[in-house]
Amino acid sequence: MSNNYVTVTFLPSGTKRDVLLGTTLMTAAGEAGLEINALCGGKGSCGKCSGRILEGSVSDITDTELEHFTFEEIKQGLVLLCQRRILGNVVVETLSSTTAQYNYTPCKGELMNPASKDVPPVSKKHHRLSRPTINDNAADLDRLLAQLPGEVKVNVSLLSRVPTLLREAGYDVTSVVFNDRLLALEKGDTVSDLYGIALDIGTTTVAGYLVNMAESKTVAAASTANRQRIYGADVISRITYILENSGGLTKMKELTAQTIDEVVFKLLEESGVSPERVYILSLIGNTVMSHFLLGVSPKGIATSPFVPAFTRSVEGCVKELGLKSLPDYARFILLPNIAGYVGSDTVGVILATKIHELPGNWLAVDVGTNGEIALSSGGRLLTCSTAAGPAFEGACISQGMRAEPGAIYKVDIKNDVLLAVIGDAEPVGICGSGLIDAVSELVRLGIVRKNGWIKKPSDCPPDLPPELVKRIRSSDKGFKFVLAEGEQEVAVTQKDISELQLGKGAIRAGIEVLLNELNLKAEALDGILLAGAFGSNLNPESVKGIGMLPDVELSSIKSVGNAAGAGAVSTLLAKKQLELAIDLPKRVEHIELSLHQGFQRKFARSISF
């Protein structure tokens with residue numbers, strides 16, 4: 001080993017990694033395959049990547065760490081992994097690793113039932129071919145292709161196996177065809193074994209659905225955290241990483257493939273389906289995730305005029321994606337994006353909700369790391385995207401976290417605070433849905449002003465229960481409201497509320513822009529559909545309470561689950577749905593909010609509660 005390399009050991013996993021001298025602990029953790037909370041992409045602003053140095057030498061404490069740790073914590077060896085560089089062999093205890101054994105991704109991994117049946121995009125046909133004779137000595141391939149409609153293409157790798165396979169099978173075989181391409185040739189009658197996988201590649205979570213295309217049903221679902229998250233919670237952080245690090249783009253593609261493989265392995269293990277019987281992947285995701293999937297740089301999206309390298313659908317073999325979980329003959333089709341920040345996941349939402357076909361005026365809002373909005377009215381279909389994610393995904397929130405054990409995900413305040421915690425564990429933080437509930441309740445009770453400021457106890461309504469008044473306490477910057485006490489206090493701070501205002505204000509302003517484009521008032525809406533794993537688990541009353549949605553009847557706000565994933569599933573069940581998905585972007589009018597004259601004004605108004 002060169003003198004330029006040192007060994008870092010991560011506890012409690014015991015994982016060891018040899019890295020170059022001067023590498024950050026965060027980078028070393030990523031190379032070691034550890035999942036670390038790095039919501040800010042290693043800039044130090046989120047303060048989530050905490051660890052403790054047990055042995056060895058690292059660089060000196062930074063000003064950023066002084067903002068996050070107390071003097072006592074620094075004495076105990078606490079560091080931010082993104083801030084310290086390794087100066088020798090070192091042993092570090094990671095305190096922010098996520099638990100791979102428990103991925104709480106509500107709605108992302110639920111089974112989906114198709115609305116209708118149709119001819120799938122992949123077809124199988126059983127053949128009992130005549131055996132060659134001296135009077136019938138047609139070529140093996142021609143004998144097979146004569147039984148298939150149209151001009152079917154065959155890859156050389158498959159062609160080389162056709163003669164042996166036909167003879168071993170006694171000329172009793174099943175053909176597998178996708179887009180006029182012969183994917184596989186199998187012994188006997190395997191027509192009933194026809195599977196595809198729909199994948200929703202989200203910035204935070206990747207969800208997969210195993211679809212039996214022969215029986216038009218979803219038979220398994222699974223999800224896992226996107227392994228790219230160690231390089232930031234949002235797409236801009238990840239684009240910055242690839243621009244600043246040689247080999248960064250290759251790394252992002254590899255992490256995407258590893259995440260997909262993990263989901264596919266889960267699906268096949270749960271269902272007992274052989275990977276050889278999976279023939280197609282239907283893939284959706286935001287535009288940046290689509291670029292990373294293919295190993296294409298999305299740097300053009302990062303700055304105005306926000307130009308992606310591609311938007312149209314892309315087809316190829318899974319080997320090109322770097323997947324190891326499926327045979328090389330399996331194909332993928334990546335559904336088309338709409339614009340730089342409106343991806344194929346929005347196409348999936350439109351497909352699943354069918355808002356383009358519904359009479360009246362319908363709004364679909366996919367609330368996640370990015371907030372994509374679609375408005376359908378009078379035959380027109382408008383979309384836009386807002387940078388809404390940091391607060392909703394837990395980044396920039398003092399005790400924010402993803403929806404994992406220990407996260408407060410529901411808050412109800414009456415005479416005192418009632419909490420629901422994921423895993424029925426002791427609360428250690430709060431996820432997006434819990435934050436929205438809490439702030440909505442604090443606004444309702446008059447503890448938080450319309451401008452977002454937490455009132456001091458003496459300014460609160462006189463009839464406020466004493467138990468609630470006691471929870472309002474001073475902090476470094478303004479006041480905070482304590483939700484949980486115990487081993488670890490969990491509170492909503494003034495900064496947390498300000499961050500939430502930015503996220504919810506962006507979504508509300510985007511909605512207002514789309515409504516104005518069609519000269520519509522909020523009361524003209526027939527319904528608002530909340531999509532996505534996060535959006536579907538929000539309390540409509542709380543969402544309305546913080547002013548993220550227009551003032552409509554609560555009954556008109558409906559959760560539609562992971563509509564993006566459902567849209568991807570529909571393209572495996574119906575060839576017409578796949579054709580519609582490919583055509584849909586041509587019918588969509590995209591509104592670029594960064595260039596819209598009225599957006600900033602509407603955003604400023606939408607920040608208040």
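In this predicted model, Asp193 is partly exposed, with 29% of its relative area accessible. Its salt-bridge partner is Arg277, and the closest N and O atoms of the two sit 3.9 Å apart. That falls inside the 4 Å cut-off, so the contact counts as a salt bridge. This is a link between distant parts of the chain: Asp193 belongs to the loop between strand 9 (181-187) and strand 10 (195-201), while Arg277 belongs to the loop between helix 8 (248-271) and strand 13 (278-285), 84 residues apart. Arg277 is partly exposed too, at 23% relative accessibility.

Now for two other salt bridges. Glu441 pairs with Arg444, with 2.9 Å between the closest N and O atoms. Both are in helix 13 (residues 432-444), and because they are three residues apart, about one helical turn separates them. Is Glu441 buried or exposed? It's buried, at 11% relative accessibility, whereas Arg444 comes out as exposed at 52%. Then there's Asp551 with Lys544, whose side chains meet at 3.2 Å, N to O. Here Asp551 is the exposed partner at 63% relative accessible area, and Lys544 is partly exposed at 25%.

Shared partners matter for the bookkeeping as well: Lys124, Glu186, Asp193 and Arg277 are joined by salt bridges into one network. The full count for the model is 27 salt bridges.

Here are the three pairs side by side:

| Salt bridge | Closest N to O |
|---|---|
| Arg277 with Asp193 | 3.9 Å |
| Glu441 with Arg444 | 2.9 Å |
| Asp551 with Lys544 | 3.2 Å |

On to the aromatics, where the count is four pairs. One of them is Phe306 with Tyr341: the ring centres are 6.1 Å apart and the planes meet at 65°, so this pair is edge-to-face. It also ties together distant parts of the chain, 35 residues apart, with Phe306 in the loop between helix 10 (299-302) and strand 14 (314-317) and Tyr341 in the loop between strand 15 (331-334) and helix 11 (344-353). Phe306 is buried at 18% relative accessibility, and Tyr341 is buried with a relative accessible area of 18%.

How are the rings of Phe599 and Phe603 arranged in their aromatic pair? They're stacked, with 6.0 Å from centre to centre and 10° between the planes. Both residues lie in helix 19 (residues 599-606), four residues apart, which is about one turn of the helix. Phe599 and Phe603 are both buried.

Note on methods:
Residues are numbered from 1 along each chain as its sequence is written. This is a predicted model: local features need pLDDT of at least 70, side-chain atom pairs count only at pLDDT 80 or more; totals for chains, interfaces and linings use all residues. Side-chain values use heavy atoms; hydrogens and water are left out. Helices (H or I, at least four residues) and strands (E, at least two) are DSSP runs, numbered from the N terminus. Buried means under 20% relative accessible area, exposed over 50%, partly exposed in between (1.4 Å probe, protein chains only). Rings of Phe, Tyr and Trp (its six-membered ring) pair if their centres lie within 6.5 Å; planes under 30 degrees apart count as stacked, over 60 as edge-to-face and the rest as tilted.
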